[in-house]
Amino acid sequence: MKRLFFALWPELHIRQQCATLTGKLNSSGKPVTPANLHVTLLFLGRTSPEQQAAVTREASQIPASPTTLKFDHLSFWKKPAVLCLTASQFDQNLSKLHENLVNIAKQQGIAVEDRPFTPHVTLVKKAYSVIDIGFSPVIWHSDGFCLVESCAGANGIEYRIIERWTTTL
Ligand code: 3AM
């Protein structure tokens, strides 16, 4: 069993913009290491090899449409105690992608959260304060999505990209 999730995986310059912003926050908590920054599309959790094969096969059929996110808000979510970058604007392609992934997971009997999709990049974990600073929005043009494994590494959580689907545009 692997602990899997679908995600948008940013290019280096987006990671750098996010990391620079995190540095300016001077917040309590634990900054997410730049290599781990991402947008979770759908958390699958513990997934069997059969389920993994099936979701991989089905995800390959989804058109990997390009999508643009404008991350222009900082949000503090009290319960998970995280500081996130959230997007006030994102396009239909992303909503459709999320919907397709939910359907694929459900077809394989994988229980997924029913909460509305809120694209976000977690910047700081174990945070306990709201930070209000002005910043330039992070504009992220994404041209694909990934299936990622979450592993417990020697230095904390490590994410390994298992599959990557990119648009041919
Ligand atoms: O993208 P973020 O950082 O919000 O919080 C975990 C992380 O989300 C989330 O999946 C992402 C990759 O680990 N996650 C972990 N356990 C979860 C669970 N049981 C979960 N999301 C939903 N249910």
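Here are a few notes on this predicted model, from the overall fold down to single residues.

1. **Overall build.** Start with the big picture: the chain has three helices and nine strands. Reading from the N terminus, the order of elements is β-α-β-β-α-β-β-α-β-β-β-β. The radius of gyration is 16 Å, close to the 15 Å that the globule rule gives for 169 residues, so the chain is as compact as a globular protein of that length. If you like box dimensions, the C-alpha trace spans about 45 × 35 × 30 Å along its principal axes.

2. **Contacts and burial.** Take the contacts in the chain with a separation of 6 or more: 78% of them join residues 24 or more positions apart. As for burial, 28% of the 169 residues are buried.

3. **The core.** How many residues does the largest nonpolar core have? It has 36, and the ones with the most contacts inside it are Phe6, Leu41, Leu85, Leu101, Ala105, Val121 and Leu123. Have a look at Leu123 in the viewer. Leaving aside residues up to four places away in sequence, Leu123 touches Cys18, Leu21, Thr22, Pro31, Val32, Leu83, Cys84 and Leu85. Leu85, then, is both a partner of Leu123 and another of those core residues with the most contacts.

4. **Around the ligand.** Which residues surround the ligand? They are Phe5, Thr40, Phe43, Gly45, Glu113, Thr122 and Ser150. Strand S3, residues 39–47, gives the largest share of this shell, with three residues. By character, the shell splits into two nonpolar, four polar and one charged.

5. **The annotated stretch.** UniProt, in an unreviewed entry, lists residues 14–80 as "domain: Phosphoesterase HXTX". In the model, residues 14–80 are 34% helix and 33% strand. The C-alpha atoms at the two ends of this stretch are 24 Å apart.

6. **A loop proline.** Pro137 sits in the loop between strand S6 (120–125) and strand S7 (138–142). Is Pro137 buried or exposed? Something in between: a residue needs 20 or more other C-beta atoms within 10 Å to be buried, and 12 or fewer to be exposed. Pro137 has 15 of them, so Pro137 counts as partly exposed. Not counting residues up to four places away in sequence, Pro137 touches Lys70, Phe71 and Asp72. Lys2, on the other hand, is 135 residues from Pro137 in sequence and 34 Å from Pro137 in space, C-alpha to C-alpha.

Notes:
Residues are numbered from 1 along each chain as its sequence is written. This is a predicted model: local features need pLDDT of at least 70, side-chain atom pairs count only at pLDDT 80 or more; totals for chains, interfaces and linings use all residues. A residue is near a molecule or strand if its C-beta atom, placed from the backbone, lies within 6 Å of it. Helices (H or I, at least four residues) and strands (E, at least two) are DSSP runs, numbered from the N terminus. Ala, Val, Leu, Ile, Met, Phe, Trp, Tyr, Cys and Pro count as nonpolar, Asp, Glu, Lys and Arg as charged, and the others, Gly among them, as polar. UniProt positions are given in the numbering used here, feature names are shortened, and annotations may be inferred rather than shown by experiment. Two residues are in contact if their C-beta atoms, placed from the backbone, lie within 7 Å. A nonpolar core is a set of buried Ala, Val, Leu, Ile, Met, Phe, Trp, Tyr and Cys residues joined through C-beta atoms within 7 Å. The radius of gyration is taken over C-alpha atoms; the globule rule is 2.2 Å times the number of residues to the power 0.38.
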